[in-house]
Amino acid sequence: MIKKTNRKKVVHCNLNELCTSVVFNPDIVVLVHAPKSCSNIIFNGITNMRQRINLRFNKKLPPAIDNIFVTGISDKEAIFGGEKLLKTSIELLVNEKKPKCLLVVSGCTAGVIGDDVSTICEDLSSKYKIPITHIPGAGFMSVQNKEGLILATEYLYKLVADNTEAKDEKLAVLVGLNKYVQTSQQEAELRRLFEYFGFTKILMPPCGMSMDELKQINRASLIAVHALTKEKLLMNQKFGKYLSDYLGIPLIENRLPFSRVELHKYLKKLGIVCNNSCLAEKAIEAEEKRWLEGCSVLKKDMLGISYILSIGHSFRVTDPFQIIRCMDAVGMILEKIIYLDNLTDKDILEYEKLVVDKNISVTREKEQNYNSSDSNILVITSDYRTIFKRQYCYKRKRIGVGGALNLIEGVHDLITNGGTLKYE
């Protein structure tokens, strides 16, 4: 973490996220053409993802599939080239694993030494009569770095694309979301929102999908491009537009709705895209009723209780003012805002401006000046460290009314049950 300075743009390679996107896909084998150290990073990334999701979200991922391998480029290949090693590794995997599809993901080293990975994949694909395709994963070598999830979706879809499938009016494809890192609540909320417009079937490619299931994308009647941040949304839009044009179906491009205002805009946009604004108005009315009824019940136990808001992430990735709005709705009182040490000076200045703009008149101080032993007051924080005596750790983003009520219910549970720590 860079402290006391402006953060610089960091460009990561795509290897980890590419593999995370397809680690549970039963028909696919992934071969990483890179040094063994890269595979160690991928393995640790997947292992940590499983543990984090299980502990924080109480959601178990499917059993791990033995489908990710590495060529293990050594000093020898780095000097003389790794094409022979790559070819031998592909042939070994095809004969032993008998995959329906093999993805070769090349890392930075393969790009630096100039291995012609694409040609090798094309030649062996013709020889073995199965899709073998090259996905460039060397993010450090290119300013055109794409999000790994979209990169995997794009390459896999183009392998199976066929626009002769009959359309299913109840099927929508959500591009840019890894369903395995969504909480169960987030996934259920998205499905519920789309049900207002008759979409009872949702696909979130490519995670966990077989090749036959990937072909179902062609039956979709709506493409929805999503992202957690504006930057990632821009990355995803190009592929969503291609998919929409190819299939001749409507497209909605939007950040996920993290507040009630954003939710209303989202539903209105869905209504326009689906050519049914009346359904959108009914959906908004139903959501508002759900919100008011939910807050009314929870307010009975939360009215007048004080809390501290602890901010540990930049406004680019989280909106802590949504937390304040949710707590205001049930009558809780904000006593103080604490800026955690991992925020930069620039982040704090941005928050200070927002606090003033939103007329929030409470004390603000930095973590280094706060003594957590001074008070038993509940601290609501995005930081997962146990640094306060009583704290509720919220997920940085939540979707719609369901997400907001889920947050309030979690705080309510901690208050009424007398606990000291709860993770959202």
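Two strands are taken as paired if DSSP finds at least two bridges between them. In the predicted model described here, strand 1 (residues 28-33) and strand 2 meet that condition, pairing in the parallel sense over 3 bridges. Within this pairing, leucine 31 has phenylalanine 69 in strand 2 as its bridge partner. Both strands belong to an open sheet of 4 strands, ordered 2-1-3-4 and paired in parallel. The edges of the sheet are formed by strand 2 (68-70) and strand 4 (132-136); each has a single partner strand, so one side of each is left without a neighbour in the sheet. With direction ignored, neighbouring strands of this sheet are turned by 25 degrees against each other on average.

Helix 4 and helix 6 both lie across strands of this sheet. Helix 4 crosses strand 1, strand 2, strand 3 (101-106) and strand 4, and runs at about 160 degrees to strand 1. Helix 6 lies across strand 1, strand 3 and strand 4, at about 165 degrees to strand 4. A salt bridge connects the two helices: lysine 127 pairs with glutamate 91, and the closest N and O atoms are 3.3 Å apart. Lysine 127 belongs to helix 6 (residues 117-128) and glutamate 91 to helix 4 (residues 83-97), so that the contact links distant parts of the chain, 36 residues apart. Lysine 127 has a relative accessible area of 52% and is therefore classed as exposed, the cut-off for that class being over 50%.

A second open sheet, also described by its strand order, contains 4 strands arranged 6-5-7-8 with parallel pairing. Here strand 6 and strand 8 (251-253) stand at the edges; because each has a single partner strand, one side of each lacks a neighbour in the sheet. The twist from one strand to the next averages 20 degrees. Strand 5 and strand 7 (residues 222-225) run parallel and are joined by 4 bridges. Alanine 172 stands opposite leucine 222 of strand 7. Helix 10 (residues 230-247) lies across strand 5, strand 7 and strand 8, and its direction is at about 170 degrees to strand 7. Helix 11 (residues 260-273) also packs on the sheet, where it touches strand 7 and strand 8 and makes an angle of about 160 degrees with strand 8.

Aromatic contacts involve both of these helices. The count for the structure comes to 11 aromatic pairs. In one of them, the ring centres of phenylalanine 194 and tyrosine 266 are 6.4 Å apart and the planes stand at 80 degrees, so the pair is edge-to-face. Since phenylalanine 194 lies in helix 8 (residues 184-195) and tyrosine 266 in helix 11, the pair ties together parts that are 72 residues apart in sequence. Both phenylalanine 194 and tyrosine 266 are buried. Tyrosine 242 and tyrosine 246, by contrast, form a stacked pair, with 6.0 Å from centre to centre and 25 degrees between the planes. These two tyrosines lie in helix 10, 4 residues apart, which is about one turn of the helix. Tyrosine 242 is partly exposed at a relative accessible area of 29%, and tyrosine 246 is partly exposed at 32%. Together with Tyr157 and Phe239, Tyr242 and Tyr246 form one aromatic cluster.

Charged side chains also lie over aromatic rings. Lysine 158 is placed over the face of tyrosine 242, 4.9 Å from the ring centre. The charged end of lysine 358 sits over the ring of phenylalanine 321, at 5.2 Å from its centre.

Over the whole structure, the search finds 18 salt bridges. One of them joins the side chains of aspartate 168 and lysine 201, with an N to O distance of 2.8 Å. Aspartate 168 is buried, with a relative accessible area of 9%, whereas lysine 201 is partly exposed, with 41%. A further salt bridge is formed by lysine 353 and aspartate 357 (3.0 Å, N to O). Because lysine 353 and aspartate 357 are 4 residues apart in helix 14 (residues 345-357), about one helical turn separates them. Lysine 353 is exposed, its relative accessible area being 54%, and aspartate 357 is partly exposed, with 48%. Elsewhere, Glu189, Arg192, Glu287 and Arg290 are joined into one network by salt bridges that share partners.

Note on methods:
Residues are numbered from 1 along each chain as its sequence is written. This is a predicted model: local features need pLDDT of at least 70, side-chain atom pairs count only at pLDDT 80 or more; totals for chains, interfaces and linings use all residues. Side-chain values use heavy atoms; hydrogens and water are left out. A salt bridge is a side-chain nitrogen of Lys or Arg within 4 Å of a carboxyl oxygen of Asp or Glu. Buried means under 20% relative accessible area, exposed over 50%, partly exposed in between (1.4 Å probe, protein chains only). Axes are lines fitted to C-alpha atoms, for helices over the stretch in contact, and angles run from 0 to 180 degrees between N-to-C directions. Contact means heavy atoms within 4.5 Å. Rings of Phe, Tyr and Trp (its six-membered ring) pair if their centres lie within 6.5 Å; planes under 30 degrees apart count as stacked, over 60 as edge-to-face and the rest as tilted. A charge sits over a ring if NZ of Lys or CZ of Arg is within 6 Å of the ring centre and within 35 degrees of the ring normal.
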